[in-house]
Amino acid sequence: MNAIAPITLSLEPFAARLSDVKGEDRKAAAGALARTGLPTPRVEAWHYTNLRALSGRIFSDAPVGFDESAAQAALARILPPDAAIAALPRLVLVNGRFAPSLSSTDLPEGVSCTSFVQSPDFGILASPDREGMVALNTALADDGVQVTVAPGTQAGQVVLVSLALGTESDVSFHPRHSITLGEEASLSVIEIAASENAGAYLHNPVLTCAIAEKAHLTHVKIQQEAENAVHLATVYADIAVRAAYDSFTLGLGSVLARHEVHATMHGDHAAVHVNGAQLLAASQVGDITSVIAHAAPDCISRQTVRNVLSDRARAVFQGKVLVERVAQKTDGYQMNQALLLSPSAEINAKPELEIYADDVKCSHGATVGALDDDQLFYLRSRGIPDDQARQMLVEAFLVETVDLVEDEALRTVLHQALAAALSQRVGAAEKTA
Amino acid sequence: MSELLKISGLHASIDADGAPKEILRGVDLVIPPGEVHAIMGPNGCGKSTLSYVLAGREDYEVTAGSALFKGEDLLAMEPEERAAAGIFLAFQTPVELPGVNNANFLRTAVNAVRRARNAPELDAVGFLKAVRAATKNLSMADDMLKRNVNVGFSGGEKKRNEVLQMTMLQPTLAILDETDSGLDVDALRIVAEGVQNLRSPDFSALVITHHQKLLDYLGPDRVHVMAKGRVIRSGGPELAKQINEEGYAAFLKEAA
């Protein structure tokens, strides 16, 4: 602690690529990065999550092109087994680049999709000047998908897969996605970040969501990256009058992961749900950070995040709720809970309420605990073996957050992903504990 | 007389602020197959502790004595092994399990026990059929299966849910820890019928109660009076009537 920590983290891992960027947005982002460097724990928003895992390495561009049959096989393994989900339209990126050959061409009527390279547009929602990892994404954005839903279109569900395929270590990709919903449109996106035969890569996506009046975007993410991968994602959601952004993130993979959400309700009677669950083991670090801004009256925000941590795993929860002066009758709720299954597991929780309006209802809370002995004994007294009983209680703890997702099909996908992860992980972790 | 359960000189303590507190002080009790026995006794006499110790709750330390179930050392078994062997404890305060669906819970338990007993597991259809029949007998609404275990259940619903689990798990010895407490007359009748339906030469019950009413329904073969961590008196059903009329004072004086 006595050594003076550097304020900035060297840009060396990306220096060669950053010196070569073209275009106004990218240059501005690279310039911002050159001034600030990558964030270190000295930066308040990164106090609990240290990016030193990136230093001392040189990250190169992901290779273009991939083995088609390997990708198909990986998709078959990664996509949810549910037949109804398999039939959904899908957009697939391989190593950060849009892969038309793996993606559906027949999107629902009223839905269009272009790749970022086709028509690069960084939009106005992201803040590369404030967020280091967003600046890095902006400077190095390789590709991404830009989905637009026409006003009044009930577009159903779309699967967005980001596959790291055969990626060697020290490769990074920085996809830039956008979703734009016209007035009274609706869309559900199931985002899956996964890998096949990949090394210690960095996946650094940015997603911007513009949700027009009375539109409804459901965004569910399943993060199951490779075990040595680093996943640093930022989502911006801009929510208009009576519109909703309903999101859930399930953190399972990566050695280091951060899911950062900036949701701003600038229209009255808007709603935001930023829920999530993390199931972490070994020395995984999982960070869920959010800034929910009430910038208009009569809006609702809900946030429930639960973490199950074994071994030396560490979870970070930073939840800021900002209620601006104009945002009277705000209704905000935030809850962060952790189940620690090992004495060396750790949770760092930082709730933050910043309220400038005087007629608001905002509550927040946090709990940390172990499995409940009474519940465990009850299950075992019914003949359920100890291992299985523990797994049931862990699953129950996380399922309660999954059940906050309104879309039933998406809920099913999350249940399956969770059950699969649990049967692999918890049993093994408990036995070695 | 054969013995399903034989408890001899059982002593057990619980950790109370770092010091062991002895609650069972030499319990002797024998339950033959097919019989219903009642245990009555004033609050704090150790009735619930006895039920927990028999079911395998780890908070209690057995310091002396033995408990044989079907001739096997019950106290050496894990709680789940006891359940598989045929012990069922109906909890005085059933535990709520948020996020655990009641039907899934029941099916998991039934199949865990069936596996341990080398019986074929029930598939979804077979399970549903069995559980529907049981819920109907207990006048339980089907939606109780869809809800989370005991969450938001009324006191009566929780007790009925215990009897449902008991019915599905087919124990050879059911321990009912004040299953009648907090029940209205109709619920009490339903619960009592639920137990009566299980009566057979292969089913015994140890019924812990304060009330005569449940025993009127069940007609116990034997009644035991517990006080200060021991069984101080055993007799026929008339013992329950005597307690109902006179209270425990006379027994306690006798034991002192």
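Q: What is the strand order in the open sheet of ten strands in chain A?
A: Keep in mind that this is a predicted model. The pairing in this open sheet is mixed. Its edges are β3 (97–98) and β22 (361–369) of chain A, each with a single partner strand, so one side of each has no neighbour in the sheet. Reading across, the order is β3-β2-β6-β9-β12-β14-β16-β18-β20-β22.

Q: In which sense do β2 and β6 of chain A pair, parallel or antiparallel?
A: Let's look at the bridges that link β2 (residues 90–94) to β6 (residues 154–165) in chain A; there are five. A:Leu91 has A:Leu160 as its bridge partner in β6(A), and A:Val92 has A:Val161. The sense of this pairing is parallel.

Q: Which residue of β3(A) is the bridge partner of A:Leu93?
A: β2(A) and β3(A) pair in the antiparallel sense, over two bridges. They form a hairpin with two residues between them, and A:Asn95 in the turn has a positive phi of about 50 degrees. On the β3(A) side, the partner of A:Leu93 is A:Phe98.

Q: How many of the five residues of β2(A) are buried?
A: Take the two faces of the strand in turn. A:Arg90, A:Val92 and A:Val94 sit on one side, A:Leu91 and A:Leu93 sit on the other, and all are buried. That leaves β2(A) mostly covered, with the buried count at five of five.

Q: At what angle to β6(A) does helix α3 of chain A run?
A: Helix α3 (residues 68–78) of chain A lies across three strands, namely β2, β6 and β9 (186–196). One of those, β2(A), has both faces covered. Relative to β6(A), the helix runs at about 120 degrees.

Q: Which strand does α7(A) cross at about 160 degrees?
A: Helix α7(A) lies across β16, β18 (300–309) and β20 (331–340) of chain A. Those strands follow one another as β16-β18-β20 in the sheet order. The strand that goes with the angle of about 160 degrees is β18(A).

Q: Is A:His216 buried or exposed?
A: This histidine is in strand β12 (residues 216–224) of chain A. Leaving aside residues up to four places away in sequence, it touches A:Ser186, A:Ala243 and A:Ala244. The cut-off for burial is 20 or more other C-beta atoms within 10 Å. A:His216 has 21 such neighbours, so it counts as buried.

Q: How far apart in space are A:His216 and A:Asp170?
A: Along the sequence, 46 residues separate A:His216 from A:Asp170. Going C-alpha to C-alpha, the distance in space is 38 Å.

Q: What is phi of A:His269, a residue other than glycine?
A: Most residues other than glycine have a negative phi. A:His269 is in the loop between β15 (256–265) and β16 (271–280) of chain A, and is partly exposed, with 16 other C-beta atoms within 10 Å. Its phi is positive, near 55 degrees.

Q: Where in chain B is B:Lys70?
A: B:Lys70 is another non-glycine residue with a positive phi, of about 55 degrees. It counts as partly exposed, with 15 C-beta neighbours inside 10 Å. Its place is the loop between β4 (60–69) and β5 (72–73) of chain B.

Q: How are helices α6(B) and α7(B) oriented to each other?
A: The axes of α6 (residues 155–169) and α7 (residues 185–196) of chain B come within 10 Å and cross at roughly 10 degrees. Among the residues that meet are B:Gly156 and B:Val163 from α6(B), and B:Ala187 and B:Ile190 from α7(B). By class, this contact has five nonpolar, three polar and two charged residues. Angles under 35 degrees count as roughly parallel, so the two helices are roughly parallel.

Q: What is the radius of gyration of chain B?
A: Chain B has ten helices and twelve strands, and its C-alpha trace spans about 55 × 40 × 40 Å along the principal axes. Buried residues make up 43% of its 256 residues. A compact globule with 256 residues would come out near 18 Å, and chain B agrees, at 18 Å.

Q: Which elements of chain A give two or more residues to the side that touches chain B?
A: The contact involves 16 residues of chain A and 19 residues of chain B. On the chain A side there are eight nonpolar, three polar and five charged residues. The elements in question are α6 (373–381) and α7 (386–402) of chain A.

Technical notes:
Residues numbered from 1 in each chain as written. Chains lettered and ligands numbered in written order. Predicted model: local features only at pLDDT ≥ 70, side-chain atom pairs only at ≥ 80, totals over all residues. Contact = placed C-beta atoms within 7 Å. Helix = DSSP H or I, 4+ residues; strand = E, 2+ residues; numbered from the N terminus. Nonpolar A, V, L, I, M, F, W, Y, C, P; charged D, E, K, R; others polar. Axes fitted to C-alpha atoms, helices over the stretch in contact; angles between N-to-C directions. Parallel < 35°, antiparallel > 145°, perpendicular 65-115°, else oblique. Buried ≥ 20, exposed ≤ 12 C-beta atoms within 10 Å, placed from the backbone. Rg over C-alpha atoms; globule rule 2.2 N^0.38 Å. Pairing = 2+ DSSP bridges.
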